[in-house]
Structures are given as structure tokens and as C-alpha cells.
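Me: I'm new to reading protein structures, and I'd love a close look at one sheet and the core packed with it. Could you walk me through that part slowly, starting from the chain as a whole?

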Amino acid sequence: MHIAYKFRIYPNTEQKILIHKTIGACRFIWNKMLEDKMNHYELTKEMLYNTPARYKETYSFLNEVDSLALANRQLHLERAFKSFFSKQTSFPNFQARKKDYGYTTNLVNGNIKVLDGFIKLPKLGLVKLKKHRHIPEDYKLRSVTVSKSKTGKYYISILLDYETVITPYEVKTTLGLDFDMTNFYVDSEGNRYAYPESILLDQQKLRRLQSSLSRRYQPHKKQKDQSKNYFKQQHRVAILHERITNKRLDFLHKLSDSIAKTSDSVSIETLDLKQMATSNKHYAKQISRFGWYKFITLLEYKLNRLGKALVKIDKWYPSSKMCSRCGHLKTELKLSERIYSCEHCRQNMDRDYNAAVNIRNKGLELLKVKRLA
């Protein structure tokens, strides 16, 4: 199995220059190879197989950077074309200079080593590292991705291989989670988990900073010719964006980790949040900011790593309209009705709690069917 650890690094001035050169060279080789592929196809109607090596004589600056970083960028481009031809993604785009795509290098003949407070990287040498978590000795290093944030911070993501024996759990109970627009979710135990208030306050502050940034923008000037105060405010916005992102990731990681450790399996609905945001403009921004899809991704891989299961219920399953006690189905249920009142068994229950219980019951049912098959 694979796992990635992300650490912050503190390169010196020379190392920063080389990192920027490598990122720029990777962006250049992507754009140049993509352009040549497109031109070759227009002339011959055949796909061109080109490599970074063929450009090094013409563009000598490519020899100054890590060759494995260029090779990886070639592989990424080939993968992008493969996804396009299989109709999974759109046609590959040219990469813009204003966006940092980072670069990836591989372990070859001990060219990468994680030491105490430092990491050895190709061309860069020893770079100062803030290693805030322990890497087990039996984990095998595979590759390292170097990146730079919009706030000027440098990071590395270390990809590691490890072997594990997954023993499937005997599923006795499953936890049902129902997405809640006003909080974060309601579970089948009746617990409501609210979004962290500190993130909501930061988002309000972000709105004010962005309004101030828009006032400083001078439309008659180009982006690069804006005033110093504009770029200062732009940097403040980037810092706050980064802080919100880090807080959200911290919240989602801790919450998903807690659920994965305490539940045998988890059941959720496969929601179309884009459609929900379109249909309900009042909650549109709130839905997009919560990071529900990211939460599901984290929860799924953490459950799988422990031999547990994430059960995904079809989005057309009437979890909100069905009574969790008797199974009676309501034909109509308005969004404004927050209490589910069953006409058949006279049960009065919170709408979201009732839906979470139905999701849990459906998840157990699907798990039994899967195991019998």
C-alpha cells in the first residue's frame, strides 16, 4: 500500500532559485511537448512520442535541473492523454506561469535520504526539514514531490510503500451519516457535528479582505502593474486562504480518523452537491466550503486501511421520506419540514436523524447481500 507524508522545508537562497528553475523547466517541457504533439498530429494524424532528452541540446537550461523531474512531467503528460482518449478527462491544457505545479523526483541509487532535521534531494543537496511525525523504518521511500504555496512556503510530499495484512472486521453495526446543510452531518446515533466556528469566522474575515482587495484593483492597469498596496492585500488574502485550508484539513482528518477507529463500517448517500447548491442558493456557498467530498475520500481510505468498509447508498434512495420505524413512505416532504411525522405509526422524529437511521439500515442490508454473494 502507499502512504504520503507532507513536511515543510526551509531551503536557502540558492536552493530556492534551483527549485524555481526546476518548476519552470517542468512547466516548459510540458508546454513544449504538448505543442509538438498537437502540431505533429495536425500534419500526420498520428501521435508523437517525444521525450525531454530531445530538447536538451536546443534548450541548455534543461541540463541544470533534475532529469527525473522532467521525466515525471513527461509521464504526467502521457497519463493526461491516456485519460483524454478514454474519455475520463478533457484535453490537456497548457500550464500557466502564475500557477505552481511543483515537481516530482524518484529515489534512484540513494539520491534521496530523510535524515535528522534534513532531507537530501537531487541537485539541491541537504535541505532543512521540519519532521513533525515519525516515519516507520519498514516504510520504503518511493518518490518526493516539491511544491511552493502561494504564501511563499515550501513543502515536500514523501510517497512511501508499506506492506500490511488487512484482516476484515466482523461487521456488527454500521454508522449512518446524513449530510446536514446547517451543521456538517447528523449520524444514526442522533449526534450532530457542527462545522468549526473558527473556520466560519475566518471565512467572514476573508470576505472583508477580498472586498478590500477588489477596491484596490485598478481596471485600467494590467495585473502586474497594480499598486504595492494591492499586492500586499493579495498576500494577506492568500495567507488567510491557506489558514482556512489547513484548519479544514485538520478538522476533516481528525473527524474521519475518529469515525474509522470507532465504527465497524460507515454508510453514506452519494449526493450531488453541485445540483444541491444550484437548487438552493441560500446554502450554495456553505455547501461548497464544507469539503464533504474530501471528507468522504479521507474516510474511505482510512476505513479500507483498517479492513473496514464504506457503504455508498444510491442518491435516489428515499432516506428522508421513509419512516425509520415502520418503513412507511411519504409521497411528498418539503425541505421546510424539519420534523418527520409518520402518518402510519405516529412517530415524530428529527428529519435528518430519521434519514441517518435509514442510511444505516440500508448500509447493513447491502453489506449482508454483498457477503452472501
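Reply: Of the 373 residues in the chain, 40% are buried. Keep in mind as you look around that this is a predicted model. The accessible surface adds up to about 22700 Å², with 52% of that area belonging to carbon and sulfur atoms. Measured out along its principal axes, the C-alpha trace covers about 80 × 55 × 55 Å. Along the chain you will find 8 helices and 14 strands. Take the contacts between residues at least 6 apart in sequence: 65% of them join residues at least 24 apart. As for charge, there are 69 positive and 37 negative side chains, and the centres of these two sets lie 7 Å apart.

Now for the sheet. Which order do its strands follow? Reading across, the order is β2-β6-β7-β1-β5-β4-β3. That makes an open sheet of 7 strands with antiparallel pairing. The edges are taken by β2 (103-106) and β3 (113-114). Each of these has a single partner strand, so one side of each is left without a neighbour in the sheet.

Let's cross the sheet, beginning at the β2 edge. β2 runs antiparallel to β6, and 4 bridges join the two. One pair to look for is tyrosine 103, whose bridge partner in β6 is valine 146.

Next comes the pairing of β6 with β7, again antiparallel, with 8 bridges. Two pairs are good to find here: serine 143 stands opposite leucine 159 in β7, and valine 144 stands opposite isoleucine 158 in β7. There is a general rule to keep in mind at this point: side chains in a regular strand alternate between the two faces of the sheet.

β6 and β7 also form a hairpin, with 5 residues between them. In the turn, glycine 152 has a positive phi of about 90 degrees. Serine 149 sits in the loop between β6 and β7 as well. Is serine 149 buried or exposed? Its relative accessibility is 16%, and the cut-off for buried is under 20%, so serine 149 counts as buried. Setting aside residues up to four places away in sequence, serine 149 touches Tyr155 and Glu242.

On we go to β1, which runs antiparallel to β7 and is joined to it by 8 bridges. Here arginine 8 has tyrosine 155 in β7 as its bridge partner. At the far end of the strand order, β3 pairs with β4 (residues 118-121) in the antiparallel sense over 2 bridges. Valine 114 stands opposite isoleucine 119 in β4.

With the strands in place, we can turn to the core. The largest nonpolar core has 38 residues, and those with the most contacts inside it are Ile119, Leu121, Val144, Ile156 and Ile158. Which elements give two or more residues to this core? They are β1 (2-10), α1, α2, β4, β5 (125-130), β6 (140-148) and β7 (154-161). α1 gives the most, with 9 residues.

Isoleucine 156 is a good residue to zoom in on. Leaving aside neighbours within four places in sequence, isoleucine 156 is in contact with Tyr5, Lys6, Phe7, Ile9, Ile119, Leu121, Leu129, Val144, Thr145 and Val146. Apart from this core lies another one, of 31 residues, including Tyr185, Leu206, Leu252 and Ala260.

What about the helices? Find leucine 62, in the loop between α1 (13-44) and α2 (67-85). Leucine 62 has 0% relative accessibility, so it counts as buried. Beyond its neighbours within four places in sequence, leucine 62 is in contact with Ala25, Phe28, Ile29, Tyr55, Lys56 and Leu70. For a sense of distance, try asparagine 354: it comes 292 residues away from leucine 62 along the chain, and their C-alpha atoms are separated by 61 Å.

Finally, there is another sheet to set beside the one we crossed. This is an open sheet of 5 strands in the order β10-β9-β8-β11-β12, with mixed pairing. Its edge strands are β10 (192-193) and β12 (309-313), each pairing on one side only. Within this sheet, β8 (residues 174-179) and β9 (residues 185-187) run antiparallel and are joined by 3 bridges. One pair to pick out is aspartate 178 with its bridge partner in β9, valine 186.

Notes
Residues are numbered from 1 along each chain as its sequence is written. This is a predicted model: local features need pLDDT of at least 70, side-chain atom pairs count only at pLDDT 80 or more; totals for chains, interfaces and linings use all residues. Side-chain values use heavy atoms; hydrogens and water are left out. Buried means under 20% relative accessible area, exposed over 50%, partly exposed in between (1.4 Å probe, protein chains only). Contact means heavy atoms within 4.5 Å. Accessible areas come from the Shrake-Rupley method with a 1.4 Å probe; for residues, only the protein chains shown count as cover. Lys and Arg count as positive and Asp and Glu as negative; His and the chain ends are not counted. The place of a charge is taken as NZ of Lys, CZ of Arg, CG of Asp or CD of Glu. Two strands pair if DSSP finds at least two bridges between them. A nonpolar core is a set of buried Ala, Val, Leu, Ile, Met, Phe, Trp, Tyr and Cys residues joined through side-chain atoms within 4.5 Å.
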